[in-house]
Amino acid sequence: MEDLNDEQRTQLERALSQREVELLDAIGRLRAAIASPAAGMGPEVRDSVEDGDARMMSTLDLTQLGRQEQELGEVQQARQRMRDGRYGLCEECEEPIPFARLQVRPAARFCLRHEEAWEKANPQPVPATS
């Protein structure tokens, strides 16, 4: 397996930079919405159904904010690995991560084999549904 060439590295660096900007913008908008949840919602909540809907939307906003903040951290860590010269190497086996995988997930830390092992060892909670 080959290391990334300069053109590939530049393409991935641009993708990470663009995603960081997108996430910072989305996080800022979500934080503002959470800070003033009544903004743009019209009249005050009047009954338990409307109150439940408002709480559900607030929970969804907080969940989305958490996901976006986590992804932002992953993107920033990938950019740091790029600066350190460790980008594109699996953190487990230190083999190069294929360019095709990095195109799909530029912040990838592991090759597919070790990503699957990591996901089994670190299951993500499934959001509750009502």
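Where along the chain should one look for Glu94? Glu94 sits in the loop that runs between α2 (48-84) and α3 (99-104), and the tour will come back to that loop after a look at the whole of this predicted model.

**The whole chain**

Begin with the chain displayed as a cartoon, where the secondary structure amounts to 4 helices and 0 strands, so that the pattern read along the sequence is α-α-α-α. If you then switch to a surface view, the accessible surface of the chain is about 9400 Å², and 51% of that belongs to carbon and sulfur atoms. Of the 130 residues in the chain, 24% count as buried. Among the contacts between residues at least 6 apart in sequence, 59% join residues at least 24 apart.

**Select Glu94**

Now select Glu94, in the loop between α2 and α3, and inspect its backbone, for Glu94 has a positive phi of about 65° although it is not a glycine. Most residues other than glycine have a negative phi. The relative accessible area of Glu94 is 62%, and because this is over 50% the residue is classed as exposed.

**Select Glu91**

Stay in the loop between α2 and α3 and move the selection to Glu91, which also lies there. Glu91 has a relative accessibility of 38%, and it counts as partly exposed because that value falls between 20% and 50%. Which residues does Glu91 contact, once its neighbours within four places in sequence are left aside? Show Arg81, Arg109 and Phe110, since these are the residues with which Glu91 is in contact on that basis. Then draw a distance from the C-alpha of Glu91 to the C-alpha of Cys111: the two residues are 20 apart in sequence, and the distance between them in space is 8.3 Å.

**Select Glu115**

Finally, go to helix α4 (residues 112-121) and select Glu115, which has its place there. Is Glu115 buried or exposed? Its relative accessibility is 9%, which is under 20%, and therefore Glu115 counts as buried. With residues up to four places away in sequence not counted, Glu115 touches Arg101, Arg105 and Phe110. Show the side chains of Glu115 and Arg101 together, and you will find a polar contact between them at 3.2 Å.

Before leaving, keep Phe110 displayed and add Glu91 to the view, because Phe110 is among the residues in contact with Glu91 and is also one of those that Glu115 touches.

Technical notes: Residues are numbered from 1 along each chain as its sequence is written. This is a predicted model: local features need pLDDT of at least 70, side-chain atom pairs count only at pLDDT 80 or more; totals for chains, interfaces and linings use all residues. Side-chain values use heavy atoms; hydrogens and water are left out. Helices (H or I, at least four residues) and strands (E, at least two) are DSSP runs, numbered from the N terminus. Buried means under 20% relative accessible area, exposed over 50%, partly exposed in between (1.4 Å probe, protein chains only). A polar contact is a pair of N or O atoms within 3.5 Å; within protein, one must be able to donate a hydrogen and the other to accept it, and residues adjacent in sequence count only if both atoms are side-chain atoms. Contact means heavy atoms within 4.5 Å. Accessible areas come from the Shrake-Rupley method with a 1.4 Å probe; for residues, only the protein chains shown count as cover.
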